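I opened the notebook to record what I looked up, beginning with one residue and then turning to the chain as a whole.

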Amino acid sequence: NGKYVTDGDGNVVYASLAEKLFLLCVLKTAALDPYGMGIEMEGGKPGWYDALNGLPGLLGSSMAETYELERVFDFLIGAVEKYQTGFRVPGELAALAAELAQIIEKEKAEWQAEGSNIRCWNAINDQKEDYWKKTETGFCAERVLLSKDVALQWLKTLRSMVGCGIEKAVALGKGMAPTYFSYEVTSWEENDGIQPTGFQLREVPAFLEGPVRAMKLHWPAEAKKKLYETVKTSSLYDRKLQMYKVNESLAGASFELGRAKAFTPGWLENESIWLHMEYKYLLELLKNQMYEEYEMDFGHAAIPFLQEEVYGRSLLENSSFIVSSDNPNPVIHGKGFVARLSGSTAEFLQLWQIMMFGKNPFIWEKDELQLTFAPMIPKVLIGAEQRVSARFLSATEVVYRLPDQETVHPENSKAAMYSIVWKDGAEERLEVLTGTTAERIRKGEAERIEVQMERG
């Protein structure tokens, strides 16, 4: 009925997770833009930021997807190396991967250089379009077994081009992780169709999504701190509100970009504090253990710390967006509005979970379950009684007894003692939570756990 891909015999094609990830790696690499940086918007959509709905028509590309593509490469390469195994793929996909790897190796000097990779880009697109024709009605019945060595060779070759494209983009952004580009064809040839021979890059103003995605990559801590500083000193940071805007000014951009350009600055999807993306940024700071940076921003950017008379609604409510100080009407600077269902709640809950309990409270080690509370509690949340509590797994009250009124995080503090009150009335004090104890807590059998934190 058209819902599933079929093979040459009309049978539904089944694929392993490794095969699906491999397909993403190959096809998305084949969709890199003429500079080898962003992924072209072949689907006619600009990704998360749909207010740039005109960008696909401007030969737009997105670095947001390129950053995520590098993560897929790293995950799949790591899995193949860990499990020392290959996997089967459709014959057409194996042929495309082989051709791309060969082109990338042959044209290495071109795609590593600055500027357009026009020869490499054309060669890759020829192979991609040939793949599209072959798979238009499904895959053939042939399944090719990729050995571990072949799979790793192809994956690492393709990843090298993706990684180089990211480096070029960040260099082009002078330390900023760009999000979008567009291109203009400046020359072409008519040989059995039109083939571009020259492109001109059109830079698009910075969007917060680029740094958010880049913060997920396996960059050194120093590189991420540098990116943070670049964002903080850019016009993405609203200095009056001390919050992060969704994009820089579009004043010099074309209306062809999409509806974002039509909005007044600071309103809706143009230079406002789009809470969903700002919380994503805070979340990445927290996940990357950038505790000092996170604490500096958290007390200003999180809704509970705003002034209710400025915010214009209950501090218990999120908003779709907050009007930034770039709006021409200063009366509404900092006010929250709901243009649609807000997507910020999931990020806020995850921020809360990591702050209260740590990134990975449960781990499996030495053949048993282990539970460790490793909170990140900013100074702004610590009162004179030096006590903070939260509900764990909806069943257990966790109370932290803190050593002082200074910030607590996994690098300067640790849990020294756990005092547990079980729901059957029993009590016990333990230095570690392992095995049966951790399993019982996970099942919700603990009424209350007091955690004595100490420095060190």
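**Backbone and chain entries**

I began with Ser 394, which counts as exposed because its relative accessibility is 71%, and exposed is taken as over 50%. I kept in mind throughout that this is a predicted model.

I then looked up where Ser 394 sits, and found the residue in the loop that runs between β14 (387-392) and β15 (396-401). Its phi is near 65 degrees, which is a positive value in a residue other than glycine. I noted this angle because most residues other than glycine have a negative phi.

Which other entry did I make for a positive phi in a residue that is not a glycine? I wrote down Gln 84, with a phi of about 50 degrees, and I placed Gln 84 in the loop between α2 (63-83) and β3 (87-90).

Turning to the protein chain, I recorded 13 helices and 19 strands as its secondary structure, and for the C-alpha trace I noted a span of about 80 × 60 × 45 Å along the principal axes.

How much of the chain is buried? Of the 456 residues in the protein chain, 48% are buried, while the area that the chain exposes comes to about 21900 Å², with carbon and sulfur atoms supplying 50% of that area.

For contacts between residues at least 6 apart in sequence, I found that 68% join residues at least 24 apart.

My last entry concerns charge: the protein chain carries 50 positive and 66 negative side chains, and the centres of these two sets lie 3 Å apart.

Terms used. Residues are numbered from 1 along each chain as its sequence is written. This is a predicted model: local features need pLDDT of at least 70, side-chain atom pairs count only at pLDDT 80 or more; totals for chains, interfaces and linings use all residues. Side-chain values use heavy atoms; hydrogens and water are left out. Helices (H or I, at least four residues) and strands (E, at least two) are DSSP runs, numbered from the N terminus. Buried means under 20% relative accessible area, exposed over 50%, partly exposed in between (1.4 Å probe, protein chains only). Contact means heavy atoms within 4.5 Å. Accessible areas come from the Shrake-Rupley method with a 1.4 Å probe; for residues, only the protein chains shown count as cover. Lys and Arg count as positive and Asp and Glu as negative; His and the chain ends are not counted. The place of a charge is taken as NZ of Lys, CZ of Arg, CG of Asp or CD of Glu.
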